[in-house]
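Colleague: Please take a close look at the largest cavity in this model. A connected account of what surrounds that cavity would be enough.

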Amino acid sequence: MAFLLSSVFVHAQAVPDQSNFTINQVWALADSNNKKMQMQGLNVQAADVHVKVSKAERLPEIAAEGLYAHVFPLPIYENGLFHTPSQFPVAPTYYKAGADAYFNIYNGGKTTTEINASKVESELSRIQKSQSKQEIHYTAAVYFYDVFRNISYRTLLEQDIRDREKQLAEINQLYKNGTILKSDVLRAELRLSKQKMLLTEIENSIGIAKQKLNILIGRADDAPLNPQISDQETDAIALKQVDEYFNDAKTASYKIQISEKEQALAKLKLKNVKSNIMPSLGFFGEYTFAYPQIQFYPYALSLYSNGMVGLKLKIPISSWYTNQHKVKEAEIKVHQQEVEDEDVKDHIRQEVQENYIRYKESVQRITLAEENIKQAAESYRIVQNTYFNQLSLLTDLLDAETQLLQSKFELTTAKVNAKMQYYQLQKAVGNL
């Protein structure tokens, strides 16, 4: 029994807590369970199949047909429509079975262009999937750190409420001793009730953020979730030179990659439109069995067969004057994509520059918040001593308490904002 109990205990220790998650674990769950990622995966599969569809256009077209019919008597109006016609005897049964095939030899390169376009679309769908993955990672990080920030707020506020309850007891004692007025007791109680209301708001914010994150990563709405963030994760990160991020973005940014693929698609479309004036040449063949023989004269009430093979040439003469506007339209689309590509690159440079500067600014805010906590703590200590020695007002003490708590909140906010600003920089570059 002791051995079994010890085994159960060891096994229970080995099972990881399913409510504790790091940011990497959250991202892994989002990659596998997020509905948007699943839709993007299906888009990639559809694009891959479309490549095979385009390649299948090279195969010959083969068709078989069959016909069975009852033929009505053939009236011949020798004396006019209003006179009784004579009946020409015909075979009442007619059937036909045959097959035909067509193999494209040349069509102006349209099939090759369509295959290349489908390959580009397949590559584009993969890039869009990666971009969606990056966007979901960032959104998951926003919810994840929102939960972490509000949990940190809750911890600070719960400790502040305990301190304020002890302080309220001391103020009540001073009131009983007749050293302060009843208004001081009321102010202290009012502040304590506000803090408890704020705690309720924070609890609600935690629940909302957890539900958003659980839905994003494919878990139940009310599944327990506790962010696990080490102290090192919120430390300042040494950045490279901004020019290095610019160079990284040129090759890794998904927005730039998507713009380049769309530009390639526009050029392929232009090539396809230009080929509309090219002739098409193909090999064809057909063979038919039919009864009776009524195709050629003299007719015969017998089964017959007929077949032919040859080359079929088609020259689209009308396209020589109707295709000009289509080519012009496609050329404008290509130019439009080129301008859009330059605009995307400009926007990426601006986004990288802005996030680079904002991250450095957020790191400075962390340092400033740490200094503010030291100053607010010292101010609170001084005012607390002077108040209980009847040398300052309660309003001064409450202001000092509020300032100290606010400074602690600001430090937590500064650390979370710095982390999110770093993620924004990585997202702009394409490395998230």
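Modeller: Ala, Val, Leu, Ile, Met, Phe, Trp, Tyr, Cys and Pro count here as nonpolar, Asp, Glu, Lys and Arg as charged, and the others, Gly among them, as polar. On that basis the lining of the largest cavity divides into three nonpolar, three polar and four charged residues. The model is predicted, with pLDDT of at least 70 needed for local features and 80 or more for side-chain atom pairs, while totals for chains, interfaces and linings use all residues. Residues are numbered from 1 along each chain as its sequence is written, and side-chain values use heavy atoms, without hydrogens and water.

A cavity is a set of points on a 1 Å grid over the protein atoms alone where a 1.4 Å probe fits but cannot get out, and lining residues have an atom within 4 Å of a point. Three cavities of 30 Å³ or more are found, and the largest has a volume of about 80 Å³, volume being the space filled by probe spheres set on points joined across faces, edges and corners.

Helices are DSSP runs of H or I, at least four residues long, numbered from the N terminus. H4 (110-176), H7 (254-274), H9 (324-388) and H10 (394-429) each supply at least two lining residues. The largest share, three residues, comes from H4: Gln-131, Gln-134 and Glu-135. H7 gives Tyr-254 and Lys-255, H9 gives Ile-348 and Glu-351, and H10 gives Lys-427 and Ala-428. Ser-253 also belongs to the lining.

Terms used:
1 Å grid on protein atoms, 1.4 Å probe; cavity = no way out; pocket = protein on both sides within 12 Å on 5 of 7 lines; lining within 4 Å.
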